[in-house]
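I am opening a new page for this model and will go through its side chains by type of interaction. The entries follow the order in which I looked things up.

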Amino acid sequence: MANKVWIFVFLISSNLLLAKGKCHNILQESLSADSSSGSRKLGTSNYIGNVIFLHPEICTWADKLEIKQQGDMRSILAYGSPLEINHSTNNEKFKLTSQTMSYSFDEKSLSASDNVKLELSRNSQQLILIADKISMLQRTAQNRQWLAEGSPLEIRIKDGENNPVIISAQQMNYQAAEQTLTMVGNIEFRQQQSTIKAGKLIYNLNDNTRQSYKTRLFYLHRWDLISQLPVHAQPSKRRI
């Protein structure tokens, strides 16, 4: 009997492990861990060691995970070195690694901090983001908003060509449905031999255009440089 129970548990763990990196079409929630504890009074369940949490909305691999249930409100808090999060739909998938992560099932919002790396693929484009902190708000199934902060953060955009776009900034706002990136603070935009420095930049991933807003104070005068150029075009060398 002991052998049969051991084989049954092993098969469940194996199926969960096979799903890592392939979080797609998850129909029901499942969880595996080395140990667990909980408090019915506090509405918390704690799982420690090789935690694998699969859910239709999010898949998580962590060292420690806490599930909190308060009435109809449900959330998870995960820790890892690092932990990994995966999610995939027909036209978009993302992989996120960090030290800590929280997710609210009711608000469909995610927050991750400490050594955060986001790999986001949509259609033929890939966006890689390295930041101190990232949060995600999901308004609809196809409309996610990603917010990030860093000192600085770095974004790499690849679209199948050999000339990736590299952007560094203090803050980022990515609207998935509109395919627009808005960067703010000490921006440096680089592609091939082109470099643009600005205070604010809006980058359209659909048609590879950008708007940069560059601000400088000099005797209380302020000017803005606004450009809307194809990515492959050289920036103007005229000094303003």
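How many aromatic pairs does the structure hold? I looked this up first, keeping in mind that the model is predicted. The structure holds four aromatic pairs.

**Entry: aromatic pairs**

I took Phe53 and Phe105 to begin with. Their rings form an edge-to-face pair, with 6.3 Å from centre to centre and 70° between the planes. I then checked where the two residues sit in the chain. Phe53 belongs to strand β3 (residues 44-54), while Phe105 is in the loop between β6 (92-104) and β7 (109-122). The pair thus links distant parts of the chain, 52 residues apart. Are Phe53 and Phe105 buried or exposed? I noted both of them as buried.

The next pair on my list was Phe189 with Tyr203. I recorded this one as tilted, at 5.8 Å centre to centre and with 45° between the planes. Phe189 lies in strand β11 (residues 180-191) and Tyr203 in strand β12 (residues 194-204), 14 residues apart. Phe189 and Tyr203 are both buried.

I went back to Phe105 to see what else is around its ring. Ring pairs join Phe53, Tyr103 and Phe105 in a cluster. Arg74 also has its charged end over the ring of Phe105, 5.2 Å from the ring centre.

**Entry: salt bridges**

How many salt bridges does the structure hold? I wrote down five salt bridges. One of them is between Lys108 and Glu57, whose closest N and O atoms are 2.7 Å apart. Which parts does this pair tie together? Lys108 is in the loop between β6 and β7 and Glu57 is in the loop between β3 and β4 (59-70), so the salt bridge ties together parts 51 residues apart in sequence. I looked up exposure for each partner. Lys108 has a relative accessible area of 29%, so I entered Lys108 as partly exposed. Glu57, with a relative accessible area of 23%, is partly exposed too.

I then turned to Glu188, which meets Arg190 in a salt bridge at 3.0 Å, N to O. Lys197 also forms a salt bridge with Glu188, and here the closest N and O atoms are 3.9 Å apart. I therefore put Glu188, Arg190 and Lys197 down as one network, with a salt bridge counted when the nitrogen is within 4 Å of the oxygen. Glu188 is partly exposed at 24% relative accessibility, and Arg190 is partly exposed at 26%. Lys197 stands at 51% relative accessibility and counts as exposed, because the cut-off for exposed is over 50%.

**Entry: nonpolar cores**

Last, I went to the nonpolar side chains. The largest nonpolar core has 45 residues. Which of its residues touch the most other members? I listed Leu96, Leu129, Trp146, Ile155, Met172, Leu181 and Met183. I picked Met172 for a closer look and set aside its neighbours within four places in sequence. What remains in contact with Met172 is Leu129, Trp146, Leu147, Ala148, Leu153, Ile155, Leu181, Thr182 and Met183. Another core, of six residues, lies apart from the largest one. I noted Ile26, Ile52, Cys59 and Trp61 among its members.

Definitions and conventions:
Residues numbered from 1 in each chain as written. Predicted model: local features only at pLDDT ≥ 70, side-chain atom pairs only at ≥ 80, totals over all residues. Heavy atoms only, no water. Core = buried A, V, L, I, M, F, W, Y, C linked by side-chain atoms within 4.5 Å. Buried < 20%, exposed > 50% of the residue type's maximum accessible area, 1.4 Å probe, protein only. Contact = heavy atoms within 4.5 Å. Phe/Tyr/Trp six-rings, centres within 6.5 Å; stacked < 30°, edge-to-face > 60°. Helix = DSSP H or I, 4+ residues; strand = E, 2+ residues; numbered from the N terminus. Lys NZ or Arg CZ within 6 Å of the ring centre and 35° of its normal. Salt bridge = Lys/Arg side-chain N within 4 Å of Asp/Glu carboxyl O.
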